[in-house]
Each structure stands twice: as C-alpha cells, then as structure tokens.
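Trainee: I have the sequence and the model open side by side, and I would like to go through them with you. Could we take it piece by piece?

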Amino acid sequence: MKNITLLGATGSIGTQTLDILRKEKDRYKLTAVSAHKNYEAMRKIIDEFEPPYVVMTDEESCNKLRVYCKLHNMKVEVLMGMEGLIEISSLPQVNVVVTALVGMVGILPTLKAIEGGKDIALANKETLVAAGELVMNKAKQNNVNIFPVDSEHSAIFQCLQGNSEKSINKIILTASGGPFRGKKFEELKFMPKEASLKHPKWNMGYKISIDSATLMNKGLEVIEAHWLFSQPYEKIMPIIHPESIVHSAIEYIDGSVIAQLGNADMRLPIQYALNYPERTNMVVEPLDLIKVGKLTFEEPDYNNFPCLSLAFEAGKCGKLMPAIMNCANEAAVDLYLKDMINFGDIYYTIKECMEKFDYCQEVTLENIIQTEQQVREYINKKFL
Ligand SMILES: NC(=O)c1ccc[n+]([C@@H]2O[C@H](COP(=O)([O-])OP(=O)(O)OC[C@H]3O[C@@H](n4cnc5c(N)ncnc54)[C@H](OP(=O)(O)O)[C@@H]3O)[C@@H](O)[C@H]2O)c1
C-alpha cells in the first residue's frame, strides 16, 4: 500500500489522479490533499476519501473548511498556506507526492518532498522549468525518483525502458498544435480567451490551455525533457501531430524510433507514474488504430508561434533565464485570463522580461524566488 500526498487535488490532473485512486483502492491510501480556493470540491474529496491531512492555501477557504470539518466531527487536520503544503509533502508516512499544482508555487513543496525522500509523480512542469537544476540535483542526492506525469514525458520515459539515455539520438516531442494550428500571429493578437481555451484534444486547466494555444506549453515541455532525460536542446525536437495519438517518441542511435501511443487521456500517464515499474489494468478506452486511420506529422510554425522559440532560447541560455521566462509567462497568462492584456501581449511581455532581467546569477532557491517577485512586480506595474 502506497501513501499518497496529492498537491492540487481539485484541478484537472488532481481529479484524474483521484479517479485512479478510486479504481485502485487496494494499492493506495490518500494521506493528504491540497487545493487553493475550491472549498466545495475539497469538501467532496474529504467526504469521500477521508484523508487525515488537508491544506487550503487560501486563508478564507481554509477557515471555511475548518468550520465544516468541526461541525461534522471529522478526523482531519486542516492546514493553511505554503507551510501546510510543505508539511504534507514531507509527512513521514508518505511514499509518493503527486505534484499537480499549477505554477512556480510548486517549487518549495517539491524540494521539501525530495529532501524527505519521497518519490515525485510530477505534473507541475513549471517547477522543473524554473528550478530544474535544483530539483534534479536534490533528487539525485536523496536517491528519489521523479516519475513524469505529463503525457509526452511519460511516453518518453516508457520508450526508455530497457534502454540507456546515452543511446538517444533525438527526443521527438509531439504536440497537437493547440486550437490555433495553421493561424497567423497577426490573426491571433486579439483572440479572446474563450477561443484560446478551446483545446481540440485535451480538457485541461485554464493556464495550461492558454499555454497550449501559444505553444509555450511545448516550450515548457522542451525544458522539462532536457532536465528529466539529461538531453541537450539540440536533441529535443517538437513535432506537430494533430491526432494526439503518438504521445512522443525516441529516435535511438541505431535509427530505431520507439513511440508510445494511446488515446488522449491523462489517467494513463498518471497510473503509470503511480504504479511504476508495474502496469495495472486499463482505466482508459483502448486505442482502436483502424478507427484512427491515419496519423499525420508536421513541422511546428516557429514564426507564428514565437513562444516556442523563446523557450528554446531560455533553455539554451540556462541559469535564471528559464525561471524569468516561466514567471513572465505565468503573470502574462494570468492577466490575459482576466481580460487585462491581449493574446499577442503574452509573447511580447515574455520577450521583454527575458531581455530586461539579469539571468546570469547562480541558480539558488533564493535567487529564483527573488527573480520571480521582481518579474511579477514589473509586469503588474506595467499593466495594472
Ligand atoms: N491538465 C492536464 O491535462 C495537464 C497535462 C499535463 C501537465 N499538466 C500540468 O499539471 C499542472 C496542473 O495542471 P491542471 O490543468 O490540473 O491545473 P488546474 O486544473 O488549474 O488545477 C490546479 C490545482 O492547483 C491548485 N492551485 C492553483 N493555484 C494555486 C496556488 N497559488 N497555490 C496552491 N495551489 C494552487 C488549484 O486549486 P483550486 O482548485 O482551489 O484553485 C488546483 O487544485 C500544471 O503544471 C500543468 O502544466 C496538466
């Protein structure tokens, strides 16, 4: 029986993780969960799973949940804020921490979980983008596994089984192309968020949906792949695959290409990350290749989706540049979702921050946090 802490339990990945736990009750115990503000969803989770620890990072929602638990005589400790996230990430009885939070807020709890010797099932890609060096070094020092949950990275991880990272020639990172595939940047500049949120293949949280529309999501994944599989950026090749059936592939030095295929359903990579190295019974629809018929692939359009180029640039610069890029993206997407900037401004804002802020500092937690604050302040001052 594995004891699980689930950070971000009310989100898209969080609820799909709960679905796996629901189906594999004899394998997992949900020890702790977190959410930010979504009190209603959290109430349902604790009613059903009765985890002994719960965190709400938002103060008002936390107080509301404390009252609810008291009134219903529930044996649950309700914790608040970052302190709570750190506490549930390092509980002695926990074996695996699923990081399904959105954004750089995941960095500190992930590092604390690793220090505590917990394996990580990592969905929270922003943590690896902004603090990849710190996270991977700490994981190595503490002999901790980082199991990828992102479907592309899970695919690569699955294709790597029985092979060595040293014999990788190329990582082929597939992308659906998002809702605006084939469109020009000029046409997209004033695209309303309602259109940007309509992903053709995946039903995801708001932030990642916008990242998919700008293709920044693929850029973040390039950096994520660099850290997870120790590959230089020259060997990571994004490729557009609108059917979203091939979740990614590896070309080996002998010319063999090994790919992982499946229907677009995040429960499969979540299940694999939790059960590794075992495979357990299918929770997703089986893939019918006859029905799929054909699979197509095309070159990404770097000119009209320039965020993807920015991510390569940031990754190759290294040091604090990926953190600057990531943070600028988080702040810009947040403003776009609040209708305060246009779709095109997301790219311009990230580019401006990458040019403005000093990235040549040592990669320490303190420097990452300080840079994040400066970038956010700058963007908010500019637009608010
Ligand atoms: N969704 C997917 O299919 C998918 C696929 C691959 C990778 N990912 C990655 O997985 C992560 C989660 O994505 P998602 O789509 O599941 O996001 P989501 O649906 O927006 O859920 C985010 C979760 O994080 C919590 N949260 C939000 N802001 C927070 C804060 N400031 N402090 C603490 N907790 C906070 C939310 O709580 P409330 O509900 O209370 O706000 C929610 O539980 C992202 O890094 C994303 O890139 C997602």
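**Helices and sheets**

Mentor: Let us begin with two helices in this predicted model: helix α11 (residues 216–229) and helix α15 (residues 321–337) pack at an angle of about 150°, and their axes lie 12 Å apart.

Trainee: OK, and how is α11 directed relative to α15, roughly parallel or antiparallel?

Mentor: Angles over 145 degrees count as roughly antiparallel, and therefore α11 is described as roughly antiparallel to α15. The crossing of these two helices, α11 and α15, is left-handed.

Trainee: Which residues meet where α11 and α15 pack?

Mentor: From α11 there are M216, L220 and I223, and these meet P322, M325, N326 and N329 in α15.

Trainee: Then what about α10 and α15, at what angle do they cross?

Mentor: The axes of helix α10 (residues 206–214) and α15 cross at roughly 100° and come within 10 Å. With 65 to 115 degrees as the range for roughly perpendicular, α10 and α15 are therefore roughly perpendicular to each other.

Trainee: And which residues are in contact there, between α10 and α15?

Mentor: In α10 they are Y206, K207, I210 and D211, which meet N329, E330, V333, Y336 and L337 in α15. You may recall N329 from before, since this residue of α15 is also listed where α11 meets α15.

Trainee: Switching to strands now: in what order do the 7 strands of the open sheet come?

Mentor: The order is β4-β3-β2-β1-β5-β6-β7, and the pairing in this open sheet of 7 strands is parallel. The edge strands are β4 (77–80) and β7 (146–148), each of which pairs on one side only. On average, neighbouring strands of this sheet are turned by 20° against each other, if direction is ignored.

Trainee: How many bridges are there between β3 and β4?

Mentor: Strand β3 (residues 53–56) pairs with β4 over 4 bridges, in the parallel sense. If you want one position to look at, find Y53, whose bridge partner in β4 is E77.

Trainee: What about the open sheet with 4 strands, what is its order?

Mentor: That sheet runs in the order β9-β8-β10-β11, and its pairing is mixed. Its edge strands are β9 (236–240) and β11 (257–261), each pairing on one side only, and the twist from one strand to the next averages 20°.

Trainee: Which helix packs on that sheet?

Mentor: Helix α7 (residues 151–160) does, touching β8, β10 (246–252) and β11, and the direction of α7 makes about 40° with that of β10.

Trainee: And how do β8 and β9 run?

Mentor: Strand β8 (residues 168–175) and β9 run parallel and are joined by 5 bridges, and I171 stands opposite I236 in β9.

Trainee: New topic: I clicked on L308, so is it buried or exposed?

Mentor: L308 lies in helix α14 (residues 307–317). Buried means under 20% relative accessible area, so L308, at 1% relative accessibility, counts as buried.

Trainee: What does L308 touch?

Mentor: Leaving aside residues up to four places away in sequence, L308 touches L215, K218, G219, P238, P300 and Y302.

Trainee: Last one, how many residues does helix α16 have, and which of them are buried?

Mentor: Helix α16 (residues 343–356) has 14 residues and reaches 21 Å from its first C-alpha to its last, which is close to the 20 Å expected at 1.5 Å a residue. The buried residues in α16 are F343, G344, I346, Y347, T349, I350, C353 and M354.

Technical notes
Residues are numbered from 1 along each chain as its sequence is written. This is a predicted model: local features need pLDDT of at least 70, side-chain atom pairs count only at pLDDT 80 or more; totals for chains, interfaces and linings use all residues. Side-chain values use heavy atoms; hydrogens and water are left out. Two strands pair if DSSP finds at least two bridges between them. Axes are lines fitted to C-alpha atoms, for helices over the stretch in contact, and angles run from 0 to 180 degrees between N-to-C directions. The expected span of a helix is 1.5 Å times one less than its number of residues. Buried means under 20% relative accessible area, exposed over 50%, partly exposed in between (1.4 Å probe, protein chains only). Angles under 35 degrees count as roughly parallel, over 145 as roughly antiparallel, 65 to 115 as roughly perpendicular and the rest as oblique. A crossing is left-handed if the near helix is turned anticlockwise from the far one by less than a right angle, and right-handed if clockwise. Contact means heavy atoms within 4.5 Å.
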